[in-house]
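Let's take a walk through a protein model together. Have the sequence and the 3D view ready.

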Amino acid sequence: GKTTIANLVCLLFKPTHGKIFIENYDSSEIEINSWRDQIGYVSQETTIFDDTIANNISLSFEKEKDYQASLSRIKEAASQANIDKFIESLPKGYETYVGENGLKLSGGQRQRIFIARELFRRPKILILDEATSALDNISEKAIQKSIDLLKGKTTVILIAHRISTLKNTDYLYVLNEGRIEERG
């Protein structure tokens, strides 16, 4: 039910019963691609390319005219994802090649680069769907710090089983068999 709700928020599915309203607009009246452009989605499955860290964050699809402006946005996203210090400690920094599927990175580093990729797009809503479930405690804490840095800047929807991942949320909903069981 949790991922299904995320898919409904992204308008990947149409509800079989009832309606979805986004800021008082019926979702059937919303231009889907425009809505999806405002959403960043991070699952526990990340895709990292055999390329530089900078290109993995920016996906090279949005090269700004000014290289410095592009690099500045990449660094901003890396900072928000709490991976900037690690990247800057590397001999080639943002120009470091990470190997196929991010072979040269830990699971937590890959996940934070993936979060930086979504933040580079400057989404209004960031959905983290079990984004920390396969990580060790140290990596989870680093990603939790990343999430905390977004407070007041981006709406974050966290889907998680671990209560430690959810401890700093503004609102908490507990789902059981597709229904809200508790909220607070």
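What follows is a short tour of some loops, a surface patch and some rings.

Keep in mind that this is a predicted model, where local features need pLDDT of at least 70, side-chain atom pairs count only at pLDDT 80 or more, and totals for chains, interfaces and linings use all residues. Residues are numbered from 1 along each chain as its sequence is written, and side-chain values use heavy atoms, with hydrogens and water left out.

Start with Asn-24, in the loop between β1 (21–22) and β2 (25–26). Strands here are DSSP runs of E, at least two residues long, and helices are runs of H or I, at least four, numbered from the N terminus. Asn-24 isn't a glycine, yet its phi is positive, at about 70°. Is Asn-24 buried or exposed? Its relative accessibility is 74%, so Asn-24 counts as exposed (exposed means over 50% relative accessible area, buried under 20%, partly exposed in between, with a 1.4 Å probe and protein chains only).

Now hop to Asn-101, in the loop between α5 (84–89) and α6 (107–120). This residue, also not a glycine, has a positive phi near 55°. Asn-101 is exposed because its relative accessible area is 53%.

Another loop, between α8 (163–166) and β6 (173–176), holds Tyr-171. With a relative accessible area of 62%, Tyr-171 is exposed too.

Finally, look at the rings. How many aromatic pairs does a search of the whole structure find? Zero, where a pair means Phe, Tyr or Trp rings (for Trp, the six-membered one) with centres within 6.5 Å, called stacked if the planes are under 30 degrees apart, edge-to-face if over 60 and tilted for the rest.
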